[in-house]
Every structure is written in C-alpha cells, then in structure tokens.
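Me: Could you take a close look at the charged pairs in this one and tell me what surrounds them? I'd like one connected walk-through rather than a list.

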Amino acid sequence: MKKVDLNYILEKVKNGDKLSRTALYDYPMANIAEKAGIEIINVGDTMAKYVLGYDNTNKVGMDILVEHAKAVRKGAPNAFVMGDMPFLSYRNIDVAIKNAGRFIVEADVDAVKLEGGLEIIPIIKALTDAGIAVIGHTGFSLQSRQ
C-alpha cells in the first residue's frame, strides 16, 4: 500500500473517490487493517470504553493514547494515523502543543483530532503554525458531555 498522506487524501476527495477509515487501538488490528488497505486509522479516546471498560472516554490520558498510537503505527506504517487528543490535553496553547507534539514525535501520527467549536480556533491555529496537522471531530462532543 502506498503511504497515505494529506496530498493522497486531498487527491481522492478532489476526484470524488471514497476513503476507508476505522478506529483501532493495537498492533494486531492495525496490521490487519494495513493488509486490507484501510487508509485512515483513528486512535481514539473511545478506547477507554471499548477496550479498557471505563464508563466514559475521559479516563484515558496522553500516556495511554500515545502508547496505543505507537502500536497502531507499527502495525500500519502506510496508513494515515490520527491521534485523539484526550480530555484536558489541549485546553491552552502551551499544553496543546506539548501534547500534540508527543503524538507526532513519539507515535509518528500524521494528525491530531480535537473536539470543540469556535473556542478552540486559537489552539488549532497554534498547532498548525507549529506544523501539526489537525482534524476536527464530527458529531457529538463526548468529552464535554460526561
């Protein structure tokens, strides 16, 4: 499989092609996804509920998510991997850059994913100014509803 990057994604969108995406949390499943040609993998904070058995997603922090993102990257070296920024990990610019930087440097993710609205625009700008790709969360804002 060819390495999936932002240019690859933008080209597919421009051509009206579909992209494959899933959420995964470990090496074995990421390896299967890589072999199946899954293009985009999210390492999400939903792992708290569906893997670790917690009652909400706010129970996982950066240390846990970075370790799982490392495992996913090893299993899927060509996929576009996104790391979910967990609850309270991006509530100010300095903390956001430090934590997003951990995902980029330690886990080799391609982008980080944030929940929020207009209030996080300064954080998004700071992260992109630092060279970190940011993906917005769509749907419910689970972190703020727990």
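**Charged pairs and their surroundings**

Reply: Let's start with a pair of charged residues: Glu-39 and Lys-12 are both buried. Bear in mind throughout that this is a predicted model. The two side chains meet in a salt bridge, with 2.8 Å from N to O. Glu-39 sits in the loop between H2 and S2, while Lys-12 belongs to helix H1 (residues 6–14), so this contact ties together distant parts of the chain, 27 residues apart. Side chains of opposite charge can pair when their charged atoms come close. How many salt bridges are there by this rule? The count comes to 9.

Another one to click on is Arg-73 with Asp-110, where the closest N and O atoms are 2.5 Å apart. Again the partners come from distant parts of the chain: Arg-73 is in helix H4, Asp-110 is in the loop between H5 and S4, and 37 residues separate them. Are the two ends buried or partly exposed? Arg-73 has a relative accessibility of 8%, so this residue counts as buried, the cut-off being under 20%. Asp-110, at 22%, is partly exposed. This pair also belongs to something wider, a network of salt bridges linking Lys-3, Arg-73, Asp-108 and Asp-110.

For a local pair, try Arg-102 and Glu-106, whose side chains form a salt bridge at 2.9 Å, N to O. Both are in helix H5, and because they are 4 residues apart, about one helical turn lies between them. An α-helix has 3.6 residues a turn, so residues three or four places apart point the same way. Glu-106 counts as partly exposed because its relative accessibility is 36%.

Now back to Glu-39, and on along the chain into S2. Both faces of this strand are covered: Ile-40 and Asn-42 are buried on one side, Ile-41 and Val-43 on the other. In a regular strand the side chains alternate between the two faces of the sheet. S2 has paired strands too. Strand S1 (residues 21–23) runs parallel to S2 over 3 bridges, with Arg-21 standing opposite Ile-40. To get from S1 to S2 the chain passes through H2, and this β-α-β crossover is right-handed. Strand S3 (residues 80–84) also pairs with S2 in the parallel sense, over 4 bridges, and there Gly-83 is the bridge partner of Val-43.

What does Ile-41 touch, once residues up to four places away in sequence are set aside? Its contacts are Thr-22, Leu-24, Ala-33, Val-72, Ala-76, Ala-79, Phe-80, Val-81 and Met-82. Ile-41 is also among the residues that touch the most other members of the largest nonpolar core, which has 31 residues; the others are Met-85, Tyr-90, Phe-103, Val-112, Leu-114 and Leu-127. Elements giving two or more residues to this core include H2, S2, H4, H5, S4 and H6. H4, the helix that holds Arg-73, gives the most, with 5 residues. There is a second, separate core of 8 residues, including Val-4, Ile-9, Phe-80 and Ala-111. In soluble globular proteins, nonpolar side chains tend to be buried together.

Last stop is H6, another contributor to the largest core. Its buried residues are Ile-123, Ala-126 and Leu-127. Because they cover an arc of only 95 degrees around the axis, they lie on the same side of H6. They pack against H5, S4 and strand S5 (134–136). The charged residues Lys-125 and Asp-129 are exposed, on the face turned away from that buried side. Ile-124, also in H6, is partly exposed, with a relative accessible area of 29%. Beyond its neighbours within four places in sequence, Ile-124 is in contact with Leu-114 and Val-134. Just after the helix, Gly-131 takes a positive phi of about 90 degrees.

Conventions: Residues are numbered from 1 along each chain as its sequence is written. This is a predicted model: local features need pLDDT of at least 70, side-chain atom pairs count only at pLDDT 80 or more; totals for chains, interfaces and linings use all residues. Side-chain values use heavy atoms; hydrogens and water are left out. A nonpolar core is a set of buried Ala, Val, Leu, Ile, Met, Phe, Trp, Tyr and Cys residues joined through side-chain atoms within 4.5 Å. Buried means under 20% relative accessible area, exposed over 50%, partly exposed in between (1.4 Å probe, protein chains only). Contact means heavy atoms within 4.5 Å. The arc is that of the directions from the helix axis to the C-beta atoms. A salt bridge is a side-chain nitrogen of Lys or Arg within 4 Å of a carboxyl oxygen of Asp or Glu. Two strands pair if DSSP finds at least two bridges between them. A crossover is right-handed if, with the strands pointing away from the viewer, the path from the first strand over the helix to the second runs clockwise.
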